There are 2 protein chains.
Amino acid sequence: MKNEKVTPIALSTQALERMPYYLHYIKQLQKKGITQIASPAIAADLGLNEVQVRKDLAAVSSSKGKPKAGFYIQDLIYNMEELLGYHNVKDAVLVGAGSLGKALLSYKGFEISGMHIVAAFDNQDGLIDTEINGKKVLPVSKLSSVCRRLNIHIGIITVPANQAQTVCDQMVAGGILAIWNFSPIRLTTPEGIMVRNENMAASLAILSQHLKDKLKEHML
Amino acid sequence: MKNEKVTPIALSTQALERMPYYLHYIKQLQKKGITQIASPAIAADLGLNEVQVRKDLAAVSSSKGKPKAGFYIQDLIYNMEELLGYHNVKDAVLVGAGSLGKALLSYKGFEISGMHIVAAFDNQDGLIDTEINGKKVLPVSKLSSVCRRLNIHIGIITVPANQAQTVCDQMVAGGILAIWNFSPIRLTTPEGIMVRNENMAASLAILSQHLKDKLKEHML
DNA sequence: TAGATTGTTAATCGATTAACAATC
DNA sequence: TAGATTGTTAATCGATTAACAATC
């Protein structure tokens, strides 16, 4: 018995990171009425390697690409959205309704990507029971019970460093499986919990490093 | 003639990304009065590989580690802050004073990391000439001239996708060398300009993927 | 000294890129 | 058909991890 298409080709994290760019790009093409696209064209426009793009598309597309013509845009969009999870809405909670937390609560991009922030949590008295972008702010003490009760599996952490690990522990206790961590520390979690670090300080460091090199170069 | 310490060991992007975590961690230790730290201890607490930590520390530290004892915390902190550019303030501009832009303008973490956002730019009439966290909002038309005049080399892009490339071009015209891109598209830039993508959609995709796998696993 | 930790050299791993025959 | 583009197999590249002698 052949096991065709049952085991999807595993996609590397890097490849997964490129997907939203492909998706955005080919959606633009679709708007212009274009129906097919070939890897070399995408590669040129997005500044990527041709073979890399081809491999990425092959990994995600259910239909094969046609030599000379490329892939059907319609298929690609569907497959990518499916892969990226846009078709089934995922509920999430956010802890830490400071400036960054508020910004994320108001960020329209999430809805498009199939994520819905159900509630926010904070410990500041002034914030509790207020609403931000239509989302109620609850005391952190209710975090794990709410997650458990509503079957929520994604948690977003936007609290300061010294509170992040505690919040993380409470999320895990509430059944959270994937954590998006905006605090500047590495969280310790049990096996099976994924933590994705959105590391502002690191990004800044990399830019800063480049800047240093460039300015030095300029001196010589 | 020996060329000692003149050419610093090149640090990979990944290693650079780990630095802020090391720095935060050893600063905590310093607060507790600890003066020395060894790689295996850091590795255990941060969930990293021992050898990796040792290599990272060796790459950044000006003094050598002592067998049995490890590295001097004071030295490490100084060297890391130096490397990460915390000691010399870098001016930056931000374009796009929407919710994310506002959050970044108010984010205290940047000052600690040696970055100072000098001004914000937007095209929305209601925002121009207002102040956000003490920073004036100017019309985008002034972007490149302001950058040029104030010798600013870092630009932060928090505008929607369809405006991002235009803003990027204006930044480059203004002499910006490092761009922190929060928009969901890949920017095209001349050689020598570094773009760091803060890719929300990608992060979400990776979390979402993990969640899908975990929930499926749970079914079986 | 004994043992932990260092720095370095080699092996492994995974992703990207190159080469090329197959195909529309 | 000719030529562009595909999918696949092999080579390259870079980072992580392992192995080990040197050292405090």
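## The annotated stretch

Residues 21–60 of chain A are 75% helix and 5% strand, with the end C-alpha atoms 14 Å apart; helices (H or I, at least four residues) and strands (E, at least two) are DSSP runs, numbered from the N terminus. That stretch carries the UniProt annotation "DNA-binding region", from an unreviewed entry. UniProt positions follow the numbering used here, feature names are shortened, and annotations may be inferred rather than shown by experiment.

A note on what you're looking at: this is a predicted model, where local features need pLDDT of at least 70 and side-chain atom pairs count only at pLDDT 80 or more, while totals for chains, interfaces and linings use all residues. Residues are numbered from 1 along each chain as its sequence is written, chains are lettered from A and ligands numbered from 1 in the order in which they are written, and side-chain values use heavy atoms, with hydrogens and water left out.

## Around DNA strand D

DNA strand D has 20 residues around it, the closest being Ser39(A), Arg54(A), Gly65(A), Lys68(A) and Arg18(B); a residue is near if one of its heavy atoms lies within 4 Å of the strand. Of the strand D atoms that come within 4 Å of the protein, 68% belong to sugar and phosphate.

Backbone atoms show up here too. A polar backbone atom of Ser39(A) sits 3.0 Å from a phosphate oxygen of the strand, and one of Gly65(A) is 3.1 Å from a phosphate oxygen. For Lys68(A), a backbone N or O atom is 3.0 Å from a sugar or linking oxygen.

Both chains chip in: α2 (39–46) and α3 (50–60) of chain A, plus α1 (13–31) and α3 (50–60) of chain B, each supply at least two residues of this surface. α3(B) gives the most, with three. By class, the surface has six nonpolar, seven polar and seven charged residues (Ala, Val, Leu, Ile, Met, Phe, Trp, Tyr, Cys and Pro are nonpolar; Asp, Glu, Lys and Arg charged; the others, Gly among them, polar).

## Where the chains meet

Chain B puts 58 residues into the contact and chain A 59, counting heavy atoms within 4.5 Å. Together they bury about 5,500 Å², 72% of it on carbon and sulfur atoms; that is accessible area (1.4 Å probe) lost on being put together, summed over both. On the chain B side, Tyr21(B), Arg186(B) and Leu207(B) lose the most area, together 14% of what that side buries.

The rule finds zero salt bridges across this interface (a side-chain nitrogen of Lys or Arg within 4 Å of a carboxyl oxygen of Asp or Glu). α9(B) gives the most to the chain B side, with 15 residues, and that side has 33 nonpolar, 16 polar and nine charged residues.

Conventions. Polar contact = N/O pair within 3.5 Å; in protein donor to acceptor, adjacent residues only side chain to side chain. Buried area = accessible area lost by both parts, 1.4 Å probe.
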